[in-house]
Each structure stands twice: as C-alpha cells, then as structure tokens.
Amino acid sequence: MKQIFTFGEGRGAMPLRMLEASGTRGSHPAIDARRDVVALPYSSGTTGLPKGVMLTHYNIVANLVQIEAAERLRSDEVVIATLPSITSTAWWS
C-alpha cells in the first residue's frame with residue numbers, strides 16, 4: 001500500500017480532496033476481479049461471532065447489475081447504495 005486516503009483528516013493519511021485538487025491521475029493497478037477483495041464489511045455472525053466478509057470487485061459489479069435490472073433507472077438518476085448484506089453463509093457456497 002502506497003497511500004491511504006480519507007474523507008476528512010486522519011493521521012498518516014491524505015484527505016481525498018487533496019488528491020482531487022492535484023489533478024493528477026495514477027495508474028490503474030492490475031486486479032483479478034473475481035479474487036481481489038475490494039471491501040471487508042462485518043456480518044452479524046449468523047453462525048457464531050461476527051466475521052469479516054470478503055467482497056470482491058466481481059461481487060460488487062454483480063450486485064450493481066442486479067440493482068440495474070430491478071430498478072430500471074434513467075442515466076440522469078442517482079442512487080444511494082450500500083454494500084450487499086450477507087444473511088447466510090449458504091450464499092457463498
């Protein structure tokens with residue numbers, strides 16, 4: 001990890017507004033969309049204690065495709081979205 005960006009201030013991190021203000025564009029890292037984790041939300045622990053649920057880029061895109069199919073949004077509409085919720089470990093099998 002080269003840099004951490006935050007909304008607001010954080011020790012050892014750069015505020016996101018500074019990156020936006022610089023006008024520079026970084027390179028796009030190579031990723032494996034099906035294997036590389038993009039988010040690590042914590043479940044309520046349906047089978048025990050709460051645990052981190054590894055969501056890949058592919059999981060997030062699949063969820064967006066599902067929303068698009070169900071909502072039939074116009075290109076000028078905006079949606080406030082959250083990460084997919086996991087209600088059962090059977091979903092991962």
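At 62% relative accessibility, Glu9 counts as exposed, and this residue makes a good way into the predicted model. Glu9 pairs with Arg17 in a salt bridge whose closest N and O atoms lie 2.8 Å apart. The structure holds 3 salt bridges, and Arg74 takes part in a network of them.

That network links Arg74, Asp76 and Glu77. Between Asp76 and Arg74, the closest N and O atoms of the salt bridge are 3.1 Å apart. The side chain of Arg74 also meets that of Glu77 in a salt bridge, at 4.0 Å from N to O. As for cover, Arg74 is exposed, with a relative accessible area of 54%, and Asp76 is exposed as well, at 56%. Glu77 has a relative accessible area of 34%; this value falls between the 20% limit for buried and the 50% limit for exposed, so Glu77 counts as partly exposed.

Stepping back to the overall layout, the protein has 2 helices and 4 strands. Along the sequence, these elements come in the pattern β-β-α-β-β-α. Of the 93 residues, 13% count as buried. The protein exposes about 8,300 Å², and carbon and sulfur atoms supply 57% of that area. Among contacts between residues at least 6 apart in sequence, 27% join residues at least 24 apart.

How confident is the predictor, and where does that confidence drop? The mean pLDDT of the protein is 77, with 82% of its residues reaching 70 or more. Among the elements, E4 has the highest mean pLDDT, at 90, while helix H1 (residues 16–22) has the lowest, at 74. Arg17, the partner of Glu9, falls within the residue range of H1. Over residues 86–93, pLDDT stays under 50. For that stretch, the model has 12 contacts beyond four places in sequence.

Strand E4, then, is a handy place to look at the packing. Thr56 sits in this strand. Its relative accessibility is 9%, under the 20% limit, which means that Thr56 counts as buried. Leaving aside residues up to four places away in sequence, Thr56 touches Ala33, Arg34, Arg35, Asp36, Val37 and Val38.

Val38 belongs to strand E3. With the same sequence neighbours set aside, namely those up to four places away, Val38 touches Leu55, Thr56, His57 and Ile60. The contact between Thr56 and Val38 thus ties a residue of E4 to a residue of E3. Val38 and His57 are 19 residues apart in sequence, yet their C-alpha atoms are 5.6 Å apart in space. Unlike Thr56, which is buried, Val38 is partly exposed, with a relative accessible area of 43%.

A nonpolar patch also shows up on the surface. Val37, Leu40, Tyr42 and Met54 make this patch, which covers about 440 Å². Val37 also turns up among the residues that Thr56 touches. Met54 is found in the loop that runs between strand E3 (37–39) and strand E4 (55–56). At 55% relative accessibility, Met54 is above the 50% limit and therefore counts as exposed.

Helix H2 covers residues 57–71. From first C-alpha to last, its 15 residues reach 21 Å, close to the 21 Å expected at 1.5 Å a residue. His57 and Ile60, both touched by Val38, lie within the range of this helix. In an α-helix there are 3.6 residues a turn, so residues three or four places apart point the same way.

What follows H2? The helix is followed by Arg72, whose phi is positive, near 50 degrees. This is a positive value in a residue other than glycine. Arg72 lies in the segment after H2 and is exposed, with a relative accessible area of 70%.

Terms used: Residues numbered from 1 in each chain as written. Predicted model: local features only at pLDDT ≥ 70, side-chain atom pairs only at ≥ 80, totals over all residues. Heavy atoms only, no water. Buried < 20%, exposed > 50% of the residue type's maximum accessible area, 1.4 Å probe, protein only. Patch = residues over 30% accessible without salt bridge, like charges linked within 9 Å, V, L, I, M, F, W, Y side chains within 5 Å. Areas by Shrake-Rupley, 256 points an atom, 1.4 Å probe, with all protein chains shown as cover. Expected span 1.5 Å × (residues − 1). pLDDT = per-residue confidence, 0-100. Contact = heavy atoms within 4.5 Å.
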